[in-house]
Amino acid sequence: VLQISKDDVTALQCKVVCLIQNGNFKEALGVINTHTKVLTSDVIAFEKAYCEYRLNRIENALKTIQSASQQTDKLKELYGQVLYRLERYDDCLAAYRDLIRNSQDEYEEERKTNLSAVVAAQSTWEKVMPEDLGLREATYELCYNSACALIGQGKLNEAMKKLQKAEELCRQSLSEDSDVTEEDIEAELAIIHGQMAYIMQLQGRTEDALQLYNQIIKLKPTDVGLLAVIANNIITINKDQNVFDSKKKVKLTNAEGVEHKLSKKQLQAIEFNKALLAMYTNQADQCRKLSASLQSQSPEHLLPVLIQAAQLCREKQHAKAVGLLQDFADQHPANAAEIKLTMAQLKIAQGSVTKACMILRSIEELQHKPGMVSALVTMYSHEEDIDSAIEVFTQAIQWYQQFQARTSYSFSVFQPKSPVHLSLIREAANFKLKHGRKKEAISDLEELWKQNPKDVHTLAQLISAYSLVDPEKAKVLSKHLPSSDTLSLKVDVDALENSHGATYVRKKAGKLTGDNQQKEQGQGEVKKKKKKKKGKLPKNYDPKVTPDPERWLPMRERSYYRGRKKGKKKDQVGKGTQGSTTAGSSELDASRTASSPPTSPRPGSAAAVSATSNVIPPRHQKPAGAPATKKKQQQKKKKGAKGGW
């Protein structure tokens, strides 16, 4: 037909539809663009927009739909899909509601599924509380989308139950078709199992999650988006461990077409993990390149600059990391609090605690928080800067007093039904007492007592503090304490002794019969006599010999100790090389010359000879003819030499 008439509208339209049915979207779009005069937007707007949508030219598809003069149901359906891909969920929700309200055909179930998918996306990515659409979850797709919405709300247990129901419905619906194999069913269930594994991971069941993730990968599903998400989640489980497995999994996230299957936040999370993996594998240049690219895409996002700072810290460039964080905090004041917390952590790691305290105190929105007050007081105490610690307490107390002056709202953190600033005053008083600031602590405790005169605990603390400074004042205040009669407590002693935490449990008395009963009545309680164990005697003990009364004293402290005998067998000590006799040693003595007459040996003469001689004497004299000992020494030397190699 087209050979006869090139511009036949019906023939061209049929050709475009045939190309679309065969999946040749690019060729179909080429036909439309080459015949724009004949194929106007009124005639073929849907086909053109659909081709652009399938070619992932989403913005062009949106323009084509909006430029159409008449909005048909087909265009409205496609408009909803385009808005979903563009992540314009509010507009998409309104479009599907309008479609469901104004159309009645066999595609109503699909529209409801798409509507529930939009609600799930809002809950997951925009943290919007999903509204109850009143949809009957009769299909596994609706159950799955409902589970995703619950995950976005943090209701993990409920979401798991929904996924289990979705799995059951999926098996039932697919098993009814005889042409569907078990492998096809498992492939369809892969996305449900992937979401189950994600819930397990969020619940801390990482081993179970990892096992399920790997089972899905073994199935080799055709959905590249699913594979990319699973690979990314496995990388997050591995963290800085098993980096070789993580490097393999990264390849799955780089598959063709992944960017068209996932949302922007999913793609961003994958890129963050790639940068972190590059850091863990010591690919510094790659890490810097990825983090810089991420920062250019999202200038206000915290993670890129934090990754860069972490990489600099791994390179021992802490000062440069702190400077980088400071620049980011100056440029983006809205995110300065988290950045400054990181800077303080780096300063603490460097040992600059005082500088860390200065950074923390510069975070105005956190200065009054109990956690910040506690951290600063602890750090100042470590640096022995008590004045600064007390100043932190004072500033926080003043902030809460001013806040309560502005509003009548009172809330509790430390104790139930107790304003925060009163709790801070109590903590400040305890701190001052601990560090010797008694008068200041008394002033704080008096203020607390004025706030609540019936508080016995505060009164007791005040009396204790005054007892250290003014005992008379402590006695006067002690009159305000309740009497002991009013403090009578009804305590079940038996129940207390038999409780689980009791350290002493009284044994229950058994039944007394016969003589025992008479003894109990006549003599009262009779204590059991402990049997004494017989002491152990030495092996050489002789009962006929009286033991030495000083045997418990050390030998040096005994009265009959005379010390060791010196000089005994001195002449028998060897004075030459091993195996030589004492006779040969006299020849080596320089003192025994012809000019000097021989003298009698004196104690210590052998030591003088050995010191002046060039021959080092042995530590012990060996008897002549002991070859076995020499062999042992040689064997030891060989063994030592072998170990040295």
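A helix here is a DSSP run of H or I that is at least four residues long, and helices are numbered from the N terminus. With that in hand, the place of Glu384 can be stated: it sits in the loop between helix H20 (370-382) and helix H21 (386-406). The structure is a predicted model, and every value below is computed from it.

The protein has 645 residues, of which 32% are buried. Its secondary structure consists of 30 helices and zero strands. The accessible surface is about 44,100 Å², and carbon and sulfur atoms hold 51% of that surface. Among contacts with a separation of 6 or more, 47% are made by residues 24 or more positions apart.

The loops come next, starting again with Glu384. The phi angle of Glu384 is near 60°, a positive value in a residue that is not glycine. Glu384 has a relative accessible area of 68%, so the residue is exposed, since exposed means over 50%. Asn282 also has a positive phi, about 60°, although it is not a glycine. This residue belongs to the loop between helix H14 (264-280) and H15. With a relative accessible area of 60%, Asn282 is exposed.

Helix H15 (residues 284-297) contains both Asp285 and Arg288. What joins Asp285 to Arg288? The two residues form a salt bridge, and their closest N and O atoms are 3.0 Å apart. Asp285 and Arg288 are three residues apart in the helix, so about one helical turn separates them. Asp285 is exposed at 60% relative accessibility, while Arg288 is partly exposed at 33%.

Arg288 also takes part in a salt bridge with Glu315, where the closest N and O atoms are 2.8 Å apart. This pair links distant parts of the chain: Arg288 is in helix H15, whereas Glu315 is in the loop between helix H16 (302-314) and helix H17 (318-331), and their positions lie 27 residues apart in sequence. Glu315 is partly exposed, having a relative accessible area of 27%.

Salt bridges with shared partners also join Glu167, Arg171, Glu182 and Glu186 into one network. One of the residues in this network, Glu167, lies in helix H9. Is Glu167 buried or exposed? Its relative accessible area is 18%, so Glu167 is buried; the cut-off for buried is under 20%. Apart from neighbours within four places in sequence, Glu167 is in contact with Leu189, Ile192, His193 and Met196.

Within the network, the side chains of Glu182 and Arg171 meet in a salt bridge, with a distance of 3.4 Å from N to O. Glu182 is in helix H10 and Arg171 is in helix H9 (residues 156-175), so this pair ties together parts that are 11 residues apart in sequence. Glu182 counts as partly exposed at 47% relative accessibility. Arg171 is likewise partly exposed, and its relative accessible area is 29%. In the whole model, the count of salt bridges comes to 15.

Helix H10 (residues 182-202) also holds Glu188. Glu188 is partly exposed, with a relative accessible area of 35%. Together with Glu106, Glu109, Glu110 and Glu141, Glu188 forms a negative surface patch. A residue can be part of such a patch because its relative accessible area is over 30% and it has no salt bridge. The 35% of Glu188 is the figure to set beside that cut-off.

The last stop is helix H25 (residues 471-478), where Lys475 lies. What is the relative accessibility of Lys475? The value is 53%, so Lys475 counts as exposed. Lys475 and Ile463 are 12 residues apart in sequence, and their C-alpha atoms are 7.8 Å apart in space.

Definitions and conventions:
Residues numbered from 1 in each chain as written. Predicted model: local features only at pLDDT ≥ 70, side-chain atom pairs only at ≥ 80, totals over all residues. Heavy atoms only, no water. Patch = residues over 30% accessible without salt bridge, like charges linked within 9 Å, V, L, I, M, F, W, Y side chains within 5 Å. Areas by Shrake-Rupley, 256 points an atom, 1.4 Å probe, with all protein chains shown as cover. Salt bridge = Lys/Arg side-chain N within 4 Å of Asp/Glu carboxyl O. Lys, Arg positive; Asp, Glu negative; His and termini not counted. Charge placed at Lys NZ, Arg CZ, Asp CG, Glu CD. Helix = DSSP H or I, 4+ residues; strand = E, 2+ residues; numbered from the N terminus. Buried < 20%, exposed > 50% of the residue type's maximum accessible area, 1.4 Å probe, protein only. Contact = heavy atoms within 4.5 Å.
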